[in-house]
Amino acid sequence: MIRSSLLFAALLLVAAPAMAEGPSCDTSIRVRGCRAELLTEGNTVTIRTSTDQCSVVDWTLDGAPRSTVVTDGEAKIDIGAPAGTAVLKQCGIVKDLRGVAAREFGTSDASVIGKPPEGGRETMACKTLREAAVAAQQRAAAVADFDTRKAWSDKQTACTEMLANFETLNAVLPTFMDAAVNYARQCQPPGRADALRTEFSRRESATRAQHEKVRRACVNGS
């Protein structure tokens, strides 16, 4: 028999017990409430949320409190025995660590590098530098667009693949940033290179902060 419990109203966030965080979510930072649905069938409890963002769903099974991290809107829990009485308590969206690299570097839009001067008066040297910067950006974008929202079979696989991707991204970013700044310094208006370097530093810091959170979550086994 399928039992369902729907939480239709967005719930106010309340303090929750400390819990393990997955490599994609920072469960210590609650953002806002969300809606969720809880279904039990056989040995499986299915939790569906109204959002694809990282969320924490608090529920009870035969009165015992449980918390589950849900990504991409659904989580299935095998409880090893026929499900008893499952009751949904609250759903809260938490800080989503996925997609930072893609947001900061996952685009091959050449506008961040800069366009050649109007009228076709670009020198051959500047054209060569610009094309090198665009090619390096496309390589970085391809790595940064790694699908961190895929359905992982288990946490170990997620950690292995995500951390490997981070290492690859760390290897290609300096080449892209150096090429873009070099083009700006030699071929664009004064001050553009410094402004670009500052912007890249901000983007890189945001990406590395995400990487470090994921690394700690994976290494600590939490």
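Begin with the whole surface switched on: in this predicted model, the accessible surface of the protein comes to about 11800 Å², and 53% of that surface belongs to carbon and sulfur atoms. Of the 222 residues in the protein, 41% are buried.

Next, colour by secondary structure and follow the chain from its start, where you will find that the protein has four helices and eight strands, arranged along the sequence in the pattern β-β-β-β-β-β-β-β-α-α-α-α. If you display contacts between residues at least 6 apart in sequence, 73% of them join residues at least 24 apart.

Now select Asp62, which is found in the loop between β5 (55-61) and β6 (64-70). Is Asp62 buried or exposed? Its relative accessibility is 56%, which lies over the 50% cut-off, and Asp62 therefore counts as exposed. While you are at this loop, look at the backbone too, where Asp62 has a positive phi of about 50° although it is not a glycine.

Finally, select residues 155-187, which form helix α3, together with residues 192-219, which form helix α4. Two packed helices are described by the angle between their axes and the distance between the axes. Here the axes of α3 and α4 come within 10 Å and cross at roughly 170°. Because an angle over 145 degrees counts as roughly antiparallel, α3 is roughly antiparallel to α4. Keep both helices selected and colour their contact by residue class, and you will see 16 nonpolar, four polar and seven charged residues in the contact of α3 with α4.

Key
Residues are numbered from 1 along each chain as its sequence is written. This is a predicted model: local features need pLDDT of at least 70, side-chain atom pairs count only at pLDDT 80 or more; totals for chains, interfaces and linings use all residues. Side-chain values use heavy atoms; hydrogens and water are left out. Axes are lines fitted to C-alpha atoms, for helices over the stretch in contact, and angles run from 0 to 180 degrees between N-to-C directions. Helices (H or I, at least four residues) and strands (E, at least two) are DSSP runs, numbered from the N terminus. Angles under 35 degrees count as roughly parallel, over 145 as roughly antiparallel, 65 to 115 as roughly perpendicular and the rest as oblique. Ala, Val, Leu, Ile, Met, Phe, Trp, Tyr, Cys and Pro count as nonpolar, Asp, Glu, Lys and Arg as charged, and the others, Gly among them, as polar. Buried means under 20% relative accessible area, exposed over 50%, partly exposed in between (1.4 Å probe, protein chains only). Contact means heavy atoms within 4.5 Å. Accessible areas come from the Shrake-Rupley method with a 1.4 Å probe; for residues, only the protein chains shown count as cover.
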